[in-house]
Amino acid sequence: DAKADYLRTLQAWMQTHHSWQPADGSLIFTPGVVFALCSCIRAFTKPGEAVLIQQPVYYPFSSAIRENGRQLVNSPLVLKNGRYEIDFTDFEQQIIRHKVKLFLLCSPQNPTGRVWRREELEAISEICLRHDVIVAADEIHHEFTRPGHPHTVFASLSPATAAHTITCTAPSKTFNLAGLQLSNIFAENPVLCR
């Protein structure tokens, strides 16, 4: 089975490079990560409901929310001493104020280049779990980190985090294969795939 062989290859790669192995049966193919994000927006929110992002962020995040008739909510990243940081208080307040159902995470972050530390991702996860927010994690740049700045797969933080996360990757950036029109989307929780 070609899909099973491909999944085993992805599992081995992610285990070797990121200490995470996607579960059997968790792989979904889409023609691109932006397509997957749009699918998540349509699947997990209703028209008019809120979707959270952290600007500055890759511009299709905003257009995907608006073009699907959802409310864009921004918890902006804060530039401190030449480094972008997350305002966790604002992040949680935006979720509460707007009844956010879905958060689009960009990790590593594009365009700031931040590779989120594990403790930062854990703080995001705790807030999202507390408020039952699903996370669509765009991790397409996960291979582009420098020594000393390891990428942590968001879904690898805990089983509870994995159950609330759609992980979006693709070979397009790492291997310059954008022409394949293929993205690897992982949903560990089968409920998210219905």
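Colleague: Before we look at helix H3, what does buried mean here?

Modeller: Buried means under 20% relative accessible area; exposed means over 50%, and partly exposed lies in between. Keep in mind that this is a predicted model.

Colleague: Which residues of H3 are buried?

Modeller: H3 spans residues 60-67, and its buried residues are Pro-60, Phe-61, Ser-62, Ala-64 and Ile-65.

Colleague: What do those buried residues pack against?

Modeller: One helix and four strands. The helix is H2 (33-44). The strands are S2 (50-53), S3 (71-74), S6 (102-106) and S7 (134-138). After H3 comes Gly-69, with a positive phi near 70°.

Colleague: Now the sheet. In what order do the strands lie?

Modeller: The order is S1-S9-S8-S7-S6-S2-S3. These seven strands form an open sheet with mixed pairing. S1 (27-30) and S3 stand at the edges; each has a single partner strand, so one side of each lacks a neighbour in the sheet. From one strand to the next, the twist averages 25°.

Colleague: How do S2 and S6 run, parallel or antiparallel?

Modeller: They run parallel, joined by two bridges. Val-51 stands opposite Leu-102 of S6.

Colleague: How do I read the largest nonpolar core? Which members touch the most others?

Modeller: Start from the best-connected residues. Leu-37, Phe-44, Phe-61, Leu-102, Leu-104, Ile-166 and Cys-168 touch the most other members, in a core of 25 residues. Then ask which elements contribute. H2, S2, H3, S6, S7, S8 (165-169) and S9 (183-187) each supply at least two residues. H2 gives the largest share, seven residues. A second, separate core has 20 residues, including Val-73, Leu-77, Ile-127 and Leu-157.

Colleague: What does Cys-168 touch, leaving out residues up to four places away in sequence?

Modeller: Its contacts include Val-33, Ala-36 and Leu-37. Among them are also Ala-137, Asp-138, Glu-139 and Ile-140. Asn-184 and Ile-185 complete the list for Cys-168.

Colleague: Take Thr-161 next. Why does Thr-161 count as buried?

Modeller: Compare its accessibility with the cut-off. Thr-161 counts as buried because its relative accessibility is 3%, and the limit is under 20%. Thr-161 sits in helix H6 (residues 159-163). Its side chain makes a polar contact with the side chain of Ser-158, at 2.9 Å. Leaving out residues up to four places away in sequence, Thr-161 touches Ser-125, Leu-129, Phe-154 and Ala-155.

Colleague: And the charged residues? How many salt bridges are there?

Modeller: Side chains of opposite charge can pair when their charged atoms come close. Here the count is eight. One of them joins Arg-8 to Asp-5, with the closest N and O atoms 2.2 Å apart.

Colleague: Where do Arg-8 and Asp-5 lie?

Modeller: Both are in helix H1 (residues 2-18), three residues apart, about one turn of the helix. An α-helix has 3.6 residues a turn, so residues three or four places apart point the same way. Arg-8 is partly exposed at 48% relative accessibility. Asp-5 is partly exposed too, at 39%.

Colleague: Which residues are linked in a network of salt bridges?

Modeller: Arg-83, Glu-85, Arg-114, Arg-117, Glu-119 and Glu-120. Follow Glu-120. Its salt bridge with Arg-114 has the closest N and O atoms 2.7 Å apart. With Arg-117, the corresponding distance from Glu-120 is 3.6 Å.

Colleague: Are these partners of Glu-120 buried or partly exposed?

Modeller: Arg-114 is buried, and so is Glu-120. The relative accessible area of Glu-120 is 4%. Arg-117 is partly exposed, at 35%.

Definitions and conventions. Residues numbered from 1 in each chain as written. Predicted model: local features only at pLDDT ≥ 70, side-chain atom pairs only at ≥ 80, totals over all residues. Heavy atoms only, no water. Buried < 20%, exposed > 50% of the residue type's maximum accessible area, 1.4 Å probe, protein only. Contact = heavy atoms within 4.5 Å. Polar contact = N/O pair within 3.5 Å; in protein donor to acceptor, adjacent residues only side chain to side chain. Pairing = 2+ DSSP bridges. Axes fitted to C-alpha atoms, helices over the stretch in contact; angles between N-to-C directions. Core = buried A, V, L, I, M, F, W, Y, C linked by side-chain atoms within 4.5 Å. Salt bridge = Lys/Arg side-chain N within 4 Å of Asp/Glu carboxyl O.
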